[in-house]
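Open your viewer and load the model. Keep the sequence panel in sight and follow the stops in order.

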Amino acid sequence: MNPVRQPVLAAGLTALATAATLGLAPGAAVAAPAASVSPTISVNWFGAADVRAHTATVGGRFDCGAERGLAYIEVHLEQRVRRGPVTGFGFGVIGACTDDRTAGTWTATIPADQGTFRPGRATTIARLVIEPNSITETTEPLRLRPRCTRP
């Protein structure tokens, strides 16, 4: 046998022995992984900046996974502008994660703490909170577009 193939064969036999020890031998029943057991949250690539109102509106999608309970979204938004960072904090109310409602979309309007959100790049930290004790967080970049206000 070629000397290079012996270590590969030995590693393969070791992996097969380990799988058999764990009950994963060929023919053994293996449970399929659940589709989405842990909650997830995502942020849309684009949001809207309302310069007159000093706010920004962002949104995204959520999936409760196997969690059930009162649910809401916490959103921190930060944008670098000429004179320093503009930050803000807001909530997106989504109600509850139930057997009938396990996923959906969310939106949050975030007032600026100081300064004004402007069209351009920003970074958001979004947290999906499902009471009593589940928190899922994501940090994602997005681009704020000008919000067209109707007279």
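How many helices and strands make up the secondary structure of the protein? Colour the cartoon by secondary structure and count: there is 1 helix, and there are 8 strands. The model is a predicted one. Now trace the chain along its sequence. The pattern reads α-β-β-β-β-β-β-β-β.

Next, show the surface. The protein has 151 residues, and 32% of them count as buried. Then think about contacts. Take those with a separation of 6 or more: residues 24 or more positions apart account for 67% of them.

**Stop 1: the nonpolar core**

Select Leu77, Trp106, Phe117 and Leu144. The largest nonpolar core has 25 residues, and these four touch the most other members. Which strands supply at least two residues each to this core? They are β1 (40-43), β3, β4 (69-81), β5 (84-97), β6 (103-111), β7 (120-130) and β8 (134-146).

Stay on Leu144 and show what surrounds it. Leave out residues up to four places away in sequence. Leu144 then touches Gly47, Ala48 and Ala49, as well as Ala56 and Val58, among others. Its list also includes Leu77, Gln79, Phe117, Arg118, Pro119, Gly120 and Ala122.

**Stop 2: Thr57**

Select Thr57. You will find it in strand β3, which covers residues 55-63. Is Thr57 buried or exposed? Its relative accessible area is 19%, so Thr57 is buried. The cut-off for buried is under 20%.

Draw a distance from Thr57 to Leu144, C-alpha to C-alpha. The two are 87 residues apart in sequence, yet 8.5 Å apart in space.

Now show the contacts of Thr57, setting aside neighbours within four places in sequence. Gly47, Ala48, Ala108, Thr109 and Arg147 appear. Look at Thr109 again. Its side chain makes a polar contact with the side chain of Thr57, at 3.4 Å.

**Stop 3: the aromatic rings**

Show the aromatic side chains. How many aromatic pairs does the structure hold? It holds 2. Select Phe89 and Phe91 for a look at ring geometry. Their ring centres are 5.0 Å apart and their planes meet at 85 degrees, so this pair is edge-to-face.

Add Tyr72 to the selection. Tyr72, Phe89 and Phe91 form one aromatic cluster. Check the surface at the two phenylalanines. Phe89 is partly exposed at 31% relative accessibility. Phe91 is partly exposed too, at 47%.

Now move to Phe46. Arg145 lies over the face of its ring, at 3.7 Å from the ring centre.

**Stop 4: Glu74**

Select Glu74 in strand β4. Is it buried or exposed? With 17% relative accessibility, Glu74 counts as buried. Bring up its contacts, again without neighbours within four places in sequence. Two of the rings from the last stop return: Glu74 is in contact with Phe89 and Phe91, among others. Its contacts also include Gly90, Ile125, Ala126, Arg127 and Val129.

**Stop 5: the disulfide**

Select the cysteines Cys64 and Cys97. The structure holds 1 disulfide, and Cys64 and Cys97 form it, with their sulfur atoms 1.9 Å apart. Where in the chain do the two cysteines sit? Cys64 is in the loop between β3 and β4, while Cys97 is in strand β5. The pair links distant parts of the chain, 33 residues apart.

Zoom in on the sulfurs. The angle about the S-S bond is -60 degrees, and the link is left-handed. Switch the surface on once more: Cys64 and Cys97 are both buried.

**Stop 6: two backbone details**

Select Glu131 and Pro132. What kind of peptide bond joins them? It is a cis peptide bond, with omega at about 10 degrees. Pro132 belongs to the loop between β7 and β8.

Finish at His54, in the loop between β2 (46-50) and β3. Look at its backbone. His54 is not a glycine, but it has a positive phi of about 60 degrees. On the surface, His54 counts as partly exposed, at 36% relative accessibility.

Note on methods
Residues are numbered from 1 along each chain as its sequence is written. This is a predicted model: local features need pLDDT of at least 70, side-chain atom pairs count only at pLDDT 80 or more; totals for chains, interfaces and linings use all residues. Side-chain values use heavy atoms; hydrogens and water are left out. Helices (H or I, at least four residues) and strands (E, at least two) are DSSP runs, numbered from the N terminus. Buried means under 20% relative accessible area, exposed over 50%, partly exposed in between (1.4 Å probe, protein chains only). Contact means heavy atoms within 4.5 Å. A polar contact is a pair of N or O atoms within 3.5 Å; within protein, one must be able to donate a hydrogen and the other to accept it, and residues adjacent in sequence count only if both atoms are side-chain atoms. A nonpolar core is a set of buried Ala, Val, Leu, Ile, Met, Phe, Trp, Tyr and Cys residues joined through side-chain atoms within 4.5 Å. Rings of Phe, Tyr and Trp (its six-membered ring) pair if their centres lie within 6.5 Å; planes under 30 degrees apart count as stacked, over 60 as edge-to-face and the rest as tilted. A charge sits over a ring if NZ of Lys or CZ of Arg is within 6 Å of the ring centre and within 35 degrees of the ring normal. A disulfide is a pair of cysteine sulfur atoms within 2.5 Å.
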